[in-house]
Amino acid sequence: MSKVAPVTIVNVGYRSTNYWVVSAGVSRLLVDIGWPGSLGTMRANLKRMGVPLREIRYALATHYHIDHAGLAEELKREGVPLLVLDVQVDAIPIMQTWTKPADNYVAITGGGNVIISFEQSRQLLSQIGIAGEILHTPGHTDHCVSLLLDDGSVFTGDLPPEAHAFNNPVALATWRRLRERGASRVYPGHGPTRSIYETPDEQPPA
Ligand SMILES: [Zn+2]
């Protein structure tokens, strides 16, 4: 028997982007963090899905593009610490260079950031009741990470699907590694969830 409660997963996304809330009871992790200036929409969607903002223990961006991390600083001001993998630190200031004044982007500061290594991720997640780890999963950017739960759920951000990644050997290697690590159900940053085996040439193991 596992000590940890089974996790539940809901999508609080909007504007064609998925934002996943992974919950162990009332202990919750937000995976991908909203467009800049969209705190009102995020609040409304959290409420609609029955997720109190104060129960979100950390927010994790799969990568620092504005549709995935644009709301990070605003959420920190609401009391949600930003969980950053060490490989992501340098990408944070670069994100701002892609924003326009009309985006109302609030720049991410160092305060309230919890910076960890991949090796530390399992223990941090276990502290909030979630069995899994965070893996380095390059292929869309070099600083992309994925959350892999022990039940096989994997949150892959913008990692391009294998069927569209024939010319992207880095992404293909990442998918191979995710399967080796037991990933089965893909929760992408855009579009519906799917089986990791849903590609033309792949079948689940017998
Ligand atoms: Zn992206």
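In strand S10, the residue that bridges to Phe155 is Tyr187. This is a predicted model, and that one pair is a handy place to start looking around. Phe155 belongs to S9, where it also stands opposite Leu147. So much for single residues; the strands themselves come next.

S9 covers residues 153-157, and it pairs with strand S8 (residues 145-149) in the antiparallel sense, over 2 bridges. With strand S10 (residues 185-188), S9 pairs in the parallel sense, this time over 4 bridges. As a general point, strands of a sheet pair through backbone hydrogen bonds, and the pairing can be either parallel or antiparallel. Helix H6, residues 169-180, comes into the picture here too: together with S9 and S10 it makes a right-handed β-α-β unit.

What follows S10 is a hairpin, formed by S10 and S11 with 5 residues between them. Gly191 sits in the turn and has a positive phi of about 85°. The two strands of the hairpin pair in the antiparallel sense over 2 bridges, and Arg185 stands opposite Ser195 in S11.

Put together, these strands belong to an open sheet of 5 strands, in the order S7-S8-S9-S10-S11, and the pairing is mixed. The edges are taken by strand S7 (132-136) and strand S11 (194-195), each of which pairs on one side only.

Zooming out, the whole protein has 6 helices and 11 strands. Its radius of gyration is 16 Å, close to the 17 Å that the globule rule gives for 206 residues, so the protein is as compact as a globular protein of that length. The C-alpha trace spans about 50 × 45 × 30 Å along the principal axes. Contacts often reach far along the chain: taking those between residues at least 6 apart in sequence, 62% join residues at least 24 apart.

And what about the inside? Buried residues account for 41% of the 206 residues. In soluble globular proteins, nonpolar side chains tend to be buried together. Here, the largest nonpolar core has 52 residues, and those with the most contacts inside it are Leu30, Val31, Ile33, Ala59, Leu60 and Ala72. Which residues does Leu30 contact, leaving aside its neighbours within four places in sequence? They are Tyr19, Val21, Ile56, Ala59, Leu60 and Val80. Two names on that list, Ala59 and Leu60, also appear among the residues with the most contacts inside the core.

Notes:
Residues numbered from 1 in each chain as written. Predicted model: local features only at pLDDT ≥ 70, side-chain atom pairs only at ≥ 80, totals over all residues. Pairing = 2+ DSSP bridges. Right-handed = clockwise from strand over helix to strand, strands pointing away. Rg over C-alpha atoms; globule rule 2.2 N^0.38 Å. Buried ≥ 20, exposed ≤ 12 C-beta atoms within 10 Å, placed from the backbone. Contact = placed C-beta atoms within 7 Å. Core = buried A, V, L, I, M, F, W, Y, C linked by C-beta atoms within 7 Å.
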